[in-house]
Amino acid sequence: MTTKDAYLLGRDHLKAAGVHEPAIEAEMLLRFVLGIDRAQLYTHWDGTIAAAAWEQYRARLDERAGGRPVHYIVGEREFMGLLFAIDERVLIPRPDTELLVEHVVAWVRDHGGSRLVDVGTGSGCIAVSLAHVLPHVTVYAADLSPDALDVARANAARHGVIERIHFVQGDLMRSLPPDLAGRIDAVASNPPYVPRDQAFLLSREITAFEPEQAIFVPGDGTEMHRRLIEMAPRWLRPGGLLAMEVGAGQAPTVGDAVEDAGGFDHVALLPDPVGIERVVSATLR
Ligand SMILES: C[S@@+](CC[C@H](N)C(=O)[O-])C[C@H]1O[C@@H](n2cnc3c(N)ncnc32)[C@H](O)[C@@H]1O
């Protein structure tokens, strides 16, 4: 069997299993098993695939056909141009979240700032990207999950920014060092925001494999945002930024909660490239 035959059989297997992007994912799994990049795949295209590699590939295809997300199988996901190691202890970073990072980066470049917080760091994709793009900043990366913090630490080490990220285990910002109160320049967060009673709307890939604690919240999904809005003034310096990712349709509710809290200026709902308001941003008065 040639590499091309293996790819075509894999693609058809994933397609039959209802995988959304069977061609892309069959190629990813094949490259993963063979340990080669895309250019090498095409140069090996008509070569014979070794029996052991074919068995490995079939096993990965079966895992994928069984619903396990391809990024957990290959153990990596790209975010802000960096590769993050991931597994089932953390949410798979989403391209949507790059808007939040880009906003915080632009704000820090415009307004200055050297102490940032990432609440609910998961894989560390936000904290590590901020530390990577802004070489002068220190980031405090908080998560309730010790397992997630282990993954985030590994990613910080992988990208050479571990000396500038402090990992903090605890509820939202409660475990930050008390002497940081009033001295944080920006708080970024992509908190869990899917209402628990809407779990049935999500695919099994998400509900069966991604950490529940990273996705669901009770009520309308804005509880974490509301708690962040309440907590942030203790930590932010005057004029400091609070930027939170929100679910589709939640931005007006979260924006109103910021306005109602008082004490914030420049409340803005930022749309993603397809026009969905994805980030609520405000500065402490
Ligand atoms: C939506 S995931 C975001 C992960 C990562 N920042 C990203 O954007 O891909 C939310 C994260 O918040 C964490 N989390 C949930 N509740 C929390 C809480 N009360 N305090 C701190 N972190 C929490 C979860 O463990 C999870 O890692």
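How are helix 1 and helix 2 oriented to each other? I opened today's notebook with that one, keeping in mind that this is a predicted model.

**Entry 1: the helix pair.** I looked up the axes of helix 1 (residues 3-16) and helix 2 (residues 22-34) and found that they come within 8 Å and cross at roughly 130 degrees. The two helices are therefore oblique to each other. I also noted the hand: helix 1 passes helix 2 in a right-handed crossing.

Next I listed who meets whom. From helix 1 I have Ala6, Tyr7, Gly10, Arg11, Leu14 and Lys15, and they meet Pro22, Ala23, Glu25, Ala26, Glu27, Leu29 and Leu30 of helix 2. Sorting the residues of this contact gave me 8 nonpolar, 1 polar and 4 charged.

**Entry 2: alanine 142.** I found this residue in strand 4 (residues 138-143). Is alanine 142 buried or exposed? I put it down as buried, because 25 C-beta neighbours lie inside 10 Å and 20 are enough for that label.

Then I checked its contacts beyond four places in sequence; among them are Val117, Val119, Thr121, Val168 and Gly170. Leu172, Met173, Ser175 and Leu176 are on that list of alanine 142 contacts too. I also jotted down glycine 120, whose C-alpha lies 5.6 Å from that of alanine 142, with their positions 22 residues apart in sequence.

**Entry 3: around the ligand.** Glycine 120 turned up again here: Gly120, Gly122, Leu144, Asn190 and Ala214 come nearest of the 22 residues around the ligand. Strand 4 returned as well, since I see at least two shell residues each from helix 7 (125-133), strand 4 and helix 10 (212-215). My tally for the shell reads 12 nonpolar, 8 polar and 2 charged.

Key
Residues numbered from 1 in each chain as written. Predicted model: local features only at pLDDT ≥ 70, side-chain atom pairs only at ≥ 80, totals over all residues. Helix = DSSP H or I, 4+ residues; strand = E, 2+ residues; numbered from the N terminus. Buried ≥ 20, exposed ≤ 12 C-beta atoms within 10 Å, placed from the backbone. Contact = placed C-beta atoms within 7 Å. Near = placed C-beta within 6 Å. Nonpolar A, V, L, I, M, F, W, Y, C, P; charged D, E, K, R; others polar. Axes fitted to C-alpha atoms, helices over the stretch in contact; angles between N-to-C directions. Parallel < 35°, antiparallel > 145°, perpendicular 65-115°, else oblique. Left-handed = near helix turned anticlockwise from the far one by under 90°.
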